[in-house]
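Please open the model in your viewer with side chains available for display, and follow the selections below in order. Each stop names what to select and then says what is there.

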Amino acid sequence: MRARSAFTLIELMITVTIITVGMVFVLGAFSRSMAALVTAQRMIQANDLLSAQIWVLDMDNRQPEPAIPLDASGAFAAPYEGFSWARSTRDINVDFEHNYTKSLRELFAEETVEVSWVQARVPKSVSVTRFVPKRVLVP
């Protein structure tokens with residue numbers, strides 16, 4: 001009897017099946033990593049835009065007559081067309097320790113600045129809430 005030196009059809013079919021299943025898992029992981037990369041990139045852009053918008057609001061608030069209302073929103077210019085921002089201001093409703101609550105409520109307001117966008121039909125946003133002097137926020 002002669003020794004067998006070739007693969008049978010069944011062995012080749014099993015090998016192709018194993019490789020195919022492995023490739024499906026690899027491509028699925030690649031797809032998920034690409035989606036995570038896009039999300040991370042958009043989050044970085046949103047954080048940069050948020051920082052820039054807070055700076056714009058701060059500079060506007062330092063003007064004798066601020067041009068941006070206390071509750072305002074808008075869209076970013078090119079190349080950030082998919083991003084928008086919103087600003088909301090309200091009185092502080094937090095109770096602080098000691099007897100500082102009344103003074104802090106008279107001097108400061110709570111401001112929230114948010115940058116939002118839509119990614120894969122899912123709305124996403126990043127925001128910052130901070131306390132700003134009321135004297136600066138006089139409309």
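Begin with the aromatic rings of this predicted model, among which two pairs are counted when ring centres must lie within 6.5 Å of each other. Select Tyr-80 and Phe-83 together: their ring centres are 6.4 Å apart and their planes stand at 70 degrees, and because planes over 60 degrees apart count as edge-to-face, this pair is given that name. Keep Phe-83 and add Trp-117, whose ring centre is 5.6 Å from that of Phe-83 with the planes at 50 degrees, so this second pair is classed as tilted. The pair of Phe-83 and Trp-117 joins distant parts of the chain, since Phe-83 sits in the loop between β1 and β2 while Trp-117 belongs to strand β3, 34 residues apart. With all three residues displayed, Tyr-80, Phe-83 and Trp-117 can be viewed as one aromatic cluster.

Which members of this cluster are buried, and which are partly exposed? Tyr-80 has a relative accessibility of 31% and therefore counts as partly exposed, whereas Phe-83 is buried with a relative accessible area of 2%, and Trp-117, at 2% relative accessibility, is likewise counted as buried.

From Trp-117, widen the selection to the sheet that contains strand β3, an open sheet of four strands in the order β1-β2-β3-β4 with antiparallel pairing. Strands β1 (72–75) and β4 stand at the edges with a single partner strand each, so one side of each has no neighbour in the sheet. Averaged over the sheet and with direction ignored, neighbouring strands are turned by 15 degrees against each other.

Now walk across the sheet one pairing at a time. Select β1 and β2, which run antiparallel and are joined by four bridges; one place to look is Ala-75, whose bridge partner in β2 is Ser-84. Next select residues 84–91, strand β2, together with β3, where the antiparallel pairing extends over eight bridges. Two bridge partners to display here are Val-115 in β3 for Trp-85, and Glu-111 in β3 for Thr-89. Then select residues 108–119 and 122–133, strands β3 and β4, which pair in the antiparallel sense over 12 bridges, including the one that sets Glu-114 opposite Ser-127 of β4. At the end of this hairpin, where two residues stand between the strands, select Ala-120, which takes a positive phi near 55 degrees.

Return to Glu-111 in strand β3 and show its side chain. Is this residue buried or exposed? Glu-111 counts as buried because its relative accessibility is 0%. To see which side chains accompany it there, display two arginines: the side chain of Glu-111 makes a polar contact with the side chain of Arg-87 at 2.8 Å, and another with the side chain of Arg-130 at 2.7 Å.

The next selection is residues 9–61, helix α1, which lies across β2, β3 and β4 and runs at about 145 degrees to β3. Helix α1 has 53 residues and reaches 77 Å from its first C-alpha to its last, close to the 78 Å expected at 1.5 Å a residue. Within α1, colour the buried residues, which are Ala-46, Leu-49, Leu-50, Gln-53, Ile-54, Leu-57, Asp-60 and Asn-61. When judging their spacing, it helps to recall that an α-helix has 3.6 residues a turn, so residues three or four places apart point the same way. The buried residues of α1 pack against β2, β3 and β4, as can be followed by showing these strands beside the helix.

For the last stop, select Gln-53, which has its place in helix α1 and counts as buried because its relative accessibility is 8%. Which residues does Gln-53 touch, not counting those up to four places away in sequence? Display Phe-76, Trp-85 and Val-113, for these are the residues that Gln-53 touches under that restriction. Trp-85 is already familiar from the sheet, where its bridge partner in β3 is Val-115, and keeping both residues on screen lets the helix and the strand pairing be viewed together.

Terms used:
Residues numbered from 1 in each chain as written. Predicted model: local features only at pLDDT ≥ 70, side-chain atom pairs only at ≥ 80, totals over all residues. Heavy atoms only, no water. Pairing = 2+ DSSP bridges. Buried < 20%, exposed > 50% of the residue type's maximum accessible area, 1.4 Å probe, protein only. Polar contact = N/O pair within 3.5 Å; in protein donor to acceptor, adjacent residues only side chain to side chain. Axes fitted to C-alpha atoms, helices over the stretch in contact; angles between N-to-C directions. Contact = heavy atoms within 4.5 Å. Phe/Tyr/Trp six-rings, centres within 6.5 Å; stacked < 30°, edge-to-face > 60°. Expected span 1.5 Å × (residues − 1).
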